[in-house]
Amino acid sequence: MSSSPDRRPIFVATHPRACSTAFERVFMTRPDALSCVHEPFGDAFYYGPERMSTRYNHDEAAREKSGYAEVRYDDVMGRILKEMLENDKTRVFIKDMGYYIVPPGGDRPLGPARSLDRHPNPVADSNPTIIPTSLLMLFHWTFLIRHPRKAIPSYYRCTIPPLNKKTGFDEFMPSEAGYVELRRLFEFLHAKGIIAEESKDDSEETRKSRGTMFGQMKEDSVSAWSGPDRDERLEQGPALSRKLENIPGPVKITVVDADDLLDDPEGTLRAYCEAIGVDFDPKMLKWDDDESQRTAKEAFEKWNGFHDDAIGSTQLTPRSHKAKTPTKEDEDKEWKEKYGEEGQKIIRETVDKNVADYEYLKKFALKPKKME
């Protein structure tokens, strides 16, 4: 069972090709403590009437075929909130792309998705997401990142032959790299005290200011959900109000770098589990039974072709040699050999554009926890 009384759904915000599905498989081994939800917001982002992606804008047949053409953001959020409110045995564990809720390319939204705009949205003028601030406060936010030199070529490969025949992604879109959106989400949550950096150097004034900000947003949201002027159409409002009232305050900043995960899976996962309040068990690193394989295949099938390695895996073990940092010339040569001159240029430009955002988030990465 979870070692923490905190029942907030855990949200792993990430970007494509960050080893996130392998990371998710670890937590799928804990049905006793966690209910895993795999990339739920992609349905509304790509296919629904509130879609922010342009990928299928002119392909109505593909949207209809997906089965998600009518899915709105409140449909997705509603399922998550229902699970959170009605399931008192396990915590919800979500892994999803940051850019599914932060408009790609860094463009500021005008406000929340229309289907979610009945929820209170304190500090709306600075919220970069399409999810109202009151709902953001209900989650235990964590982040998973990988260096663009690894993630971008891997994503590019998914959009060209032969793999694009499985993925259905026929074009590489640099806006889907996902780093700037992840950073903007992180910076907002940090600035508003929803996530907080624990430091012995924090002044009393800093701690007080952070607590005051969180407390005020919490008070405003609780009042809007349950007060006399609440929107009667929000049936979950009073229950959400009670849930938010019981949230003690900010959660500790938690960022995992995929290189640390690959080099030291157990140490990295011990540190992560401690941060989210879930007991770590070394058995979480192995999932070779038939039931685990069947569950994973069902969960990942909607994004066909993207998760083949994770579906086919049975465990997470340390890689035999730590990855060496190649020279820029070696990278360009490798990418040109694999993807041609045009592919190499696109990859290089996209990698270079996203390094600064990756390095910013990397500063906050967890240190693997050694066995005692």
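What is the volume of the largest pocket? In this predicted model, the largest pocket has a volume of about 920 Å³. Its lining comprises 41 residues, and those closest to the centre are Arg-17, Cys-19, Arg-146, Ser-154 and Asp-309. By class, the lining divides into 21 nonpolar, seven polar and 13 charged residues. Several elements each supply at least two residues of that lining: helix H1 (20–28), strand E3 (91–97), helix H6 (148–157), helix H14 (308–312) and helix H15.

Allow me to stay with Cys-19 for a moment. Cys-19 is among the residues closest to the centre of the largest pocket, and it lies in the loop between strand E1 (10–14) and H1. Its phi is near 60 degrees, a positive value in a residue other than glycine. With a relative accessible area of 18%, Cys-19 counts as buried, because the cut-off for that class is under 20%.

A second residue with this backbone feature is Glu-39, where phi is positive at about 45 degrees although the residue is not a glycine. Glu-39 is placed in the loop between strand E2 (34–38) and H2. Its relative accessibility is 4%, so Glu-39 is likewise buried.

Still on the backbone, I would draw your attention to Pro-161 and Pro-162. A cis peptide bond joins these two residues, with omega at about 0 degrees. Pro-162 is found in the loop between H6 and H7.

I turn now to helix H15, which supplies at least two residues of the pocket lining. H15 covers residues 328–362, and a straight helix of 35 residues would span 51 Å at 1.5 Å a residue. How far apart are the end C-alpha atoms of H15? The span between them is only 20 Å. The helix also has a kink of about 130 degrees, centred on Tyr-339.

Let us proceed to the charged side chains. The structure holds 23 salt bridges, and I have chosen three pairs and one network.

In the first pair, the side chains of Arg-55 and Glu-176 meet at 2.8 Å, N to O. Which parts of the chain does this pair tie together? Arg-55 lies in the loop between helix H2 (42–46) and helix H3 (60–66), and Glu-176 in the loop between helix H7 (164–167) and helix H8 (179–191), so the salt bridge connects parts that are 121 residues apart in sequence. Both partners are buried.

The second pair is Arg-319 with Asp-259, whose closest N and O atoms are 2.6 Å apart. This salt bridge also links distant parts of the chain, 60 residues apart: Arg-319 is in the loop between H14 and H15, while Asp-259 belongs to helix H11 (residues 258–263). Are these partners buried or partly exposed? Arg-319 is partly exposed, with a relative accessible area of 27%, and Asp-259 is partly exposed at 22%.

The third pair is Lys-286 and Asp-288, whose side chains form a salt bridge at 3.9 Å, N to O. Lys-286 is partly exposed at 47% relative accessibility, and Asp-288 is partly exposed at 45%.

Finally, there is a network. Salt bridges that share partners join Arg-149, Lys-328, Glu-331, Asp-332, Arg-348 and Asp-352. Lys-328, Glu-331, Asp-332, Arg-348 and Asp-352 fall within the residue range of H15, and Arg-149 falls within that of H6.

How values were computed:
Residues numbered from 1 in each chain as written. Predicted model: local features only at pLDDT ≥ 70, side-chain atom pairs only at ≥ 80, totals over all residues. Heavy atoms only, no water. Helix = DSSP H or I, 4+ residues; strand = E, 2+ residues; numbered from the N terminus. Expected span 1.5 Å × (residues − 1). Bend = angle between axes of the 7 residues up to and from the residue. 1 Å grid on protein atoms, 1.4 Å probe; cavity = no way out; pocket = protein on both sides within 12 Å on 5 of 7 lines; lining within 4 Å. Points joined across faces, edges and corners; volume = space filled by probe spheres on them. Nonpolar A, V, L, I, M, F, W, Y, C, P; charged D, E, K, R; others polar. Salt bridge = Lys/Arg side-chain N within 4 Å of Asp/Glu carboxyl O. Buried < 20%, exposed > 50% of the residue type's maximum accessible area, 1.4 Å probe, protein only.
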